[in-house]
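User: Hello! Could you walk me through this structure and tell me what lies behind each label?

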Amino acid sequence: MLISIDVIRYGAGYDAAGHWHEAKADYVSPQEQEEERAIMAPARGAICGLLLSGVIWVGLVAAVRGVLTLIR
């Protein structure tokens with residue numbers, strides 16, 4: 001049985017006192033994964049929208065400049 005690497009949390013690190021601790025891997029249920037993805041969905045949508053609109057504007061500017069150089 002294979003488990004995708006993004007569904008396992010490791011959790012090792014420093015605690016509040018600054019001591020290193022090892023933690024066991026923890027399985028993340030698919031429902032919890034969907035909840036985490038749903039939280040970030042509006043931010044991803046906004047970023048993708050800004051990037052795509054920037055690409056469209058760059059394309060429009062390039063097309064207009066190309067047409068203007070052909071007219072001259």
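Analyst: Gladly! Helices (H or I, at least four residues) and strands (E, at least two) are DSSP runs, numbered from the N terminus. Here the elements run β-β-β-β-α from the N terminus on. This is a predicted model, where local features need pLDDT of at least 70 and side-chain atom pairs count only at pLDDT 80 or more, while totals for chains, interfaces and linings use all residues. Residues are numbered from 1 along each chain as its sequence is written, and side-chain values use heavy atoms, leaving out hydrogens and water.

User: What makes the span of helix α1 close to the expected one?

Analyst: The expected span is 1.5 Å times one less than the number of residues. Helix α1, residues 30–71, has 42 residues and reaches 58 Å from first C-alpha to last, close to the expected 62 Å.

User: Where in α1 is there a kink?

Analyst: At Ala41, shortly before the proline Pro42, with a bend of about 40°. The bend is the angle between axes fitted to the seven residues ending there and the seven starting there.

User: Why is Ile71 called exposed or buried?

Analyst: Buried means under 20% relative accessible area, exposed over 50%, and partly exposed in between (1.4 Å probe, protein chains only). Ile71 has 63% relative accessibility, so this residue counts as exposed. Ile71 lies in helix α1. Across the chain, buried residues make up 6% of the 72 residues.
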